[in-house]
Amino acid sequence: MKNLYNLPCNVAQTLNIIGDKWTLLILRQIMIGRKTYKEMQEGLEGIPSNLLSERLKCLETDGLITTRLYQNHPPRYEYLLTDSGKDLGDIFYSIIMWGEKHLKVCYKQLTHSECGHKIVHQYYCPHCNKTIKEDEINVCAPS
């Protein structure tokens, strides 16, 4: 059962969708290519099977994943990210970068595939065509 935040806040409303235990880890499994129920269950040691099923149904209802039948007898499905689900990649990268900076043990880091060096996070304004500093960011209602 989802814990719903009744706040007019993008963070709260996003957590209503992806904030349940295991949800982000399930999405990560799909992002790294584990698309079947069995592959996800193997990659998520300790997740109860009923909870994995429930989370997958919620993710489909929320429009983050879709299913595709890949075997008829018995019916078996693979889980694919929708465009909305793929857009969560930025959140995963941000969490990886945060973890690299703040966890006692770093498990992953983001590097440039061409040269192998670490990358940095930047904000960009397409209107001004420039990179902006964090202290230049305003959080405001959409216009």
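Select Lys86 to begin, and you will find this residue of the predicted model in helix 5, which spans residues 83–86. With neighbours up to four places away in sequence set aside, Lys86 touches Met31 and Leu81, so display those two side chains together with Lys86 before moving on. If you then pick the C-alpha atoms of Lys86 and Cys140, the viewer should give a separation of 25 Å, for a pair that lies 54 residues apart along the chain.

Next, colour strand 1 (65–71) and strand 2 (76–81), which pair with each other in the antiparallel sense over 6 bridges. Follow the chain from strand 1 into strand 2, and you will pass through the 4 residues of the hairpin that joins them. For a single position within this pairing, select Thr66, and look across to strand 2, where Leu80 stands opposite.

From the strands, turn to helix 2, which covers residues 23–31, and show the side chains of its buried residues, namely Thr23, Ile26, Leu27, Gln29 and Ile30. Why do these residues lie on the same side of helix 2? They cover an arc of only 155° around the axis, and this places them on the same side of the helix. To see what they pack against, add helix 1 (10–18), helix 3 (37–43), helix 4 (49–61) and helix 6 (89–102) to the display, and keep strand 1 and strand 2 visible as well, since the buried residues of helix 2 pack against each of these elements.

Stay in helix 2 and centre the view on Thr23, which has its place there. Is Thr23 buried or exposed? Its relative accessibility is 2%, and because buried means under 20%, Thr23 counts as buried. Apart from its neighbours within four places in sequence, Thr23 is in contact with Ile17, Ile18, Arg55 and Leu59, and these four residues are worth labelling around Thr23.

Now move along the chain to the stretch just after helix 2, and select Gly33, whose phi is positive, at about 105°.

For the last stop, switch to a surface view and select Tyr5, Leu7, Val11 and Leu15, which form a nonpolar patch on the surface and together have about 370 Å² of accessible area. One of these, Leu15, is found in helix 1, the helix that you have already displayed among the elements against which the buried residues of helix 2 pack. Leu15 has a relative accessible area of 35% and is therefore partly exposed, whereas Thr23, where the tour paused earlier, is buried.

Note on methods
Residues are numbered from 1 along each chain as its sequence is written. This is a predicted model: local features need pLDDT of at least 70, side-chain atom pairs count only at pLDDT 80 or more; totals for chains, interfaces and linings use all residues. Side-chain values use heavy atoms; hydrogens and water are left out. Buried means under 20% relative accessible area, exposed over 50%, partly exposed in between (1.4 Å probe, protein chains only). Helices (H or I, at least four residues) and strands (E, at least two) are DSSP runs, numbered from the N terminus. The arc is that of the directions from the helix axis to the C-beta atoms. Contact means heavy atoms within 4.5 Å. Patches are made of residues with over 30% relative accessible area and no salt bridge: like charges are joined within 9 Å, nonpolar side chains (Val, Leu, Ile, Met, Phe, Trp, Tyr) within 5 Å. Accessible areas come from the Shrake-Rupley method with a 1.4 Å probe; for residues, only the protein chains shown count as cover. A salt bridge is a side-chain nitrogen of Lys or Arg within 4 Å of a carboxyl oxygen of Asp or Glu. Two strands pair if DSSP finds at least two bridges between them.
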